[in-house]
Amino acid sequence: MLLLFDIDGTLLSGATREHSQALDRAIREVHHVDTRDLRKQIGPAGRTDGEIARLILLDLGVSAWRIDEGADSVREACCRIYAQICPPDLSDHVVPGIPDLLSWLAGRDGVVLGLVTGNFEPIARLKLKRAAIGRWFTPGMGGFGSDSEDRAALPGIARRRAGHVPRDRAIVIGDTPRDIACARADGVRCLAVTTGQYGPEELAGADAVARDAGELRLRLEELGA
């Protein structure tokens with residue numbers, strides 16, 4: 001069973017400030033625009049870093065061609081800046097109960113832990129390392145915002161990297177409707193948690209909804225993990 005965890009709102013809570021600052025600075029560095037001139041608020045929850053950057057730049061009048069041309073540079077700058085400003089210790093941002101849950105899952109026969117996150121991969125790995133939970137996630141596996149701007153593509157990428165895991169042996173675990181949508185796009189199951197900004201009504205499209213890590217363990221057991 002391949003369990004594909006989201007990061008922000010699912011494994012970590014309130015650990016996005018420096019990440020947002022890094023993306024903002026990268027956009028300004030590459031495209032020479034003032035991100036304070038945004039006309040509308042870009043809701044980042046459940047989006048990939050690349051998609052967030054694109055929406056910001058489109059709102060600022062940057063052409064799609066220029067966005068495509070600068071995408072790699074924005075990603076590289078964002079990862080570089082985040083590595084410079086990321087707090088040395090993010091352990092106080094770990095969602096309560098998550099370390100015990102990951103430790104329990106790691107000891108289960110046939111269970112593989114992976115990631116499906118909109119974070120660029122170097123940012124995702126550094127966040128988890130600084131939060132002291134990175135050891136449970138195998139390097140080289142998962143689907144990340146650096147793989148595709150389209151979050152719907154990420155579960156399929158993660159399954160292929162894990163050895164072409166069948167759809168019925170994969171579960172996406174996240175805290176936003178976009179996590180549910182990306183799971184449905186790939187035809188895999190989804191467990192939602194209310195540890196982010198969305199409540200159970202907004203996450204009702206998942207196969208099951210858990211209030212916390214303890215309840216998530218119960219729902220995973222029910223789905224055969």
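Before I start, one convention: a residue counts as buried when its relative accessible area is under 20%, and as exposed when that area is over 50%, with partly exposed in between. What I am showing today is a predicted model, so please take every value in what follows as computed from that model.

Let me begin with the chain as a whole. Its secondary structure amounts to eight helices and five strands, and if we walk along the sequence the order is β-α-α-α-α-β-α-α-β-α-β-β-α. For 225 residues, a compact globule would be expected to have a radius of gyration near 17 Å, and because the chain has 17 Å, the two agree. The C-alpha atoms occupy a box of roughly 50 × 35 × 35 Å along the principal axes, and 51% of the residues count as buried. If we take the contacts between residues at least 6 apart in sequence, 66% of them join residues that are at least 24 apart.

As for the surface, the accessible area is about 10200 Å², with carbon and sulfur atoms contributing 48% of that. The chain carries 29 positive and 33 negative side chains, and the centres of these two sets are 2 Å apart.

Now to the aromatic rings, where the structure holds one aromatic pair. The partners are F5 and F137, arranged edge-to-face, with 6.1 Å from centre to centre and 80° between the planes. This pair links distant parts of the chain, since F5 belongs to strand β1, residues 2–5, whereas F137 sits in the loop between α5 and α6, and the two are 132 residues apart. Are these two rings buried or exposed? F5 has a relative accessible area of 0% and is therefore buried, and F137, at 3%, counts as buried too.

Both of these phenylalanines turn up again around L113, which lies in strand β2, residues 112–115. Leaving aside residues up to four places away in sequence, L113 touches L3, F5, L102, L105, A106, W136, F137, T138 and M141. With a relative accessibility of 6%, L113 is itself buried. By contrast with those contacts, S148 is 35 residues from L113 in sequence and, C-alpha to C-alpha, 20 Å from L113 in space.

Strand β2 also helps to cover helix α5, whose buried residues have a cover that includes α1, α2, α3 and β2. Which residues of α5 are buried? They are I123, A124, L126, K127 and L128, so that a lysine appears in the list.

Just after α5 comes A132, with a positive phi of about 65°, in the loop between α5 and α6. A132 is partly exposed, because its relative accessible area is 43%. H32 likewise has a positive phi, of about 55°, although it is not a glycine. H32 is placed in the loop between α1 and α2, and with a relative accessible area of 68% this residue is exposed.

My last residue is R219, in helix α8, residues 213–222. Where does an arginine with a relative accessible area of 17% fall in our scheme? R219 counts as buried, because 17% is under the 20% limit. Beyond residues up to four places away in sequence, R219 touches L191, A208, V209 and A210.

Conventions: Residues are numbered from 1 along each chain as its sequence is written. This is a predicted model: local features need pLDDT of at least 70, side-chain atom pairs count only at pLDDT 80 or more; totals for chains, interfaces and linings use all residues. Side-chain values use heavy atoms; hydrogens and water are left out. Helices (H or I, at least four residues) and strands (E, at least two) are DSSP runs, numbered from the N terminus. The radius of gyration is taken over C-alpha atoms; the globule rule is 2.2 Å times the number of residues to the power 0.38. Buried means under 20% relative accessible area, exposed over 50%, partly exposed in between (1.4 Å probe, protein chains only). Contact means heavy atoms within 4.5 Å. Accessible areas come from the Shrake-Rupley method with a 1.4 Å probe; for residues, only the protein chains shown count as cover. Lys and Arg count as positive and Asp and Glu as negative; His and the chain ends are not counted. The place of a charge is taken as NZ of Lys, CZ of Arg, CG of Asp or CD of Glu. Rings of Phe, Tyr and Trp (its six-membered ring) pair if their centres lie within 6.5 Å; planes under 30 degrees apart count as stacked, over 60 as edge-to-face and the rest as tilted.
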